[in-house]
Amino acid sequence: PGGAVTSRKGCELAIMVSSGSDVGFLQLSTAQSVSCQLHPVVMFQVLDHHTRRNAEEGRVVGALLGSVGSDGTVSLKNAFPMNHDDVIHNPQAQEFNHFFNTMADLHQRVNSREQVVGWYTTAKSSDAGKDEVGEDDVALHAFFEEKIGEKMPCILLRVDGNIQKNPKMGISAFVASNMALRQDKESAQQVLGKCFTRVTCNIRSYEAERIGVDFITQNSIGEGGGEVLGSDLEKLEMSVVKLTAMLDKTIEYCDEVEKGKIKADTQVGRELMEAVTSVPDVSPAEFEASLNKGLHDLLMVHYLGSLTQSQICFWQRMQTMP
């Protein structure tokens, strides 16, 4: 090539390549600013699908459901598995399409707010530790892009489920853009392939999800089965102990900053200031009265629940007596 000139306009990058008298434009549509928020329930579904796969299956694929915010943030909230990953050869491709349409329609009836926003795939055993898109992902990505349309980006979530070989689970998200060639700016473009770009993917959880994840990570499953959730009073006690430990750690950090043992962090200072200002200004007597009132209500609910359970057990015993 005689030379190359790059120019950016909008979200397209055009590269003019000249060779003798022939001039062409290699046009790469850069991906729009996209970030992902991954909920833990999606990870459990992906890992469950990967664990239950057949021995001859190297990987599993499925569809991702969620929503897109006004700022371009894609929330991955749900998923459903696909039975295979062949979208090229018939009749497997027709079966794949029919299965997808059926599952997407059923999920749309249950929750119309969640729509298909992409797809997921797990890494094969031979690809453990690799964090890149493979050639066999292009056809699947094109299938889901056609289903989603151009109104939103299609997310590819790649999960390395081979946790036996890796110390941590690899999670990465990608979006694809067309790489096209045209003779000049007015002529029609000829798509040459896809260019996958990595996007930011953060874990986000609701309060109920966070409690479940904390319980799973802090408890091990023994021979007698998994640990059971404690009572409401035990949960309250654990929350108070955890809050006390966090306050002690925060006070220790502030004391070390004042003594000059560690360097002050402005970001940590802002977070602490927001946390302190969010606490309502109440007297110790009012706080104790409010806590005792909530505790009394909790004890009353616990007592009524135990009384109802005893009445049901007594009624069942009476019904089974000869």
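Strands E5 (residues 61-68) and E7 run antiparallel to each other, joined by six bridges. One place to pick up this pairing is alanine 63, whose bridge partner in E7 is tryptophan 119. Keep in mind that what you're looking at is a predicted model.

Now look at the other pairing of E7. Strand E8 (residues 155-160) runs parallel to E7, and five bridges hold that match together. So how shut in is E7? Seven of its eight residues are buried, so the strand is largely enclosed by the rest of the structure.

Let's zoom in on one residue of that strand. Threonine 121 belongs to E7, which covers residues 115-122. Over in E8, arginine 158 stands opposite threonine 121. Is threonine 121 buried or exposed? With a relative accessible area of 1%, threonine 121 counts as buried, because that value is under the 20% cut-off.

What does the side chain of threonine 121 touch through a polar contact? Its partner is the side chain of arginine 59, at 3.0 Å. Setting aside neighbours within four places in sequence, the contacts of threonine 121 also include Val60, Val61, Asp137, Leu156 and Leu157.

Last stop: the cysteines. Cysteine 36 is buried, with a relative accessible area of 1%, and cysteine 154 is buried too, at 6%. Why doesn't cysteine 36 form a bond with cysteine 201? The closest cysteine sulfur to that of cysteine 36 is the one in cysteine 201, but at 5.1 Å it's too far for a bond. A disulfide would need the two sulfurs within 2.5 Å, and by this rule the count of disulfides comes to zero.

Definitions and conventions: Residues are numbered from 1 along each chain as its sequence is written. This is a predicted model: local features need pLDDT of at least 70, side-chain atom pairs count only at pLDDT 80 or more; totals for chains, interfaces and linings use all residues. Side-chain values use heavy atoms; hydrogens and water are left out. Helices (H or I, at least four residues) and strands (E, at least two) are DSSP runs, numbered from the N terminus. Buried means under 20% relative accessible area, exposed over 50%, partly exposed in between (1.4 Å probe, protein chains only). A polar contact is a pair of N or O atoms within 3.5 Å; within protein, one must be able to donate a hydrogen and the other to accept it, and residues adjacent in sequence count only if both atoms are side-chain atoms. Contact means heavy atoms within 4.5 Å. Two strands pair if DSSP finds at least two bridges between them.
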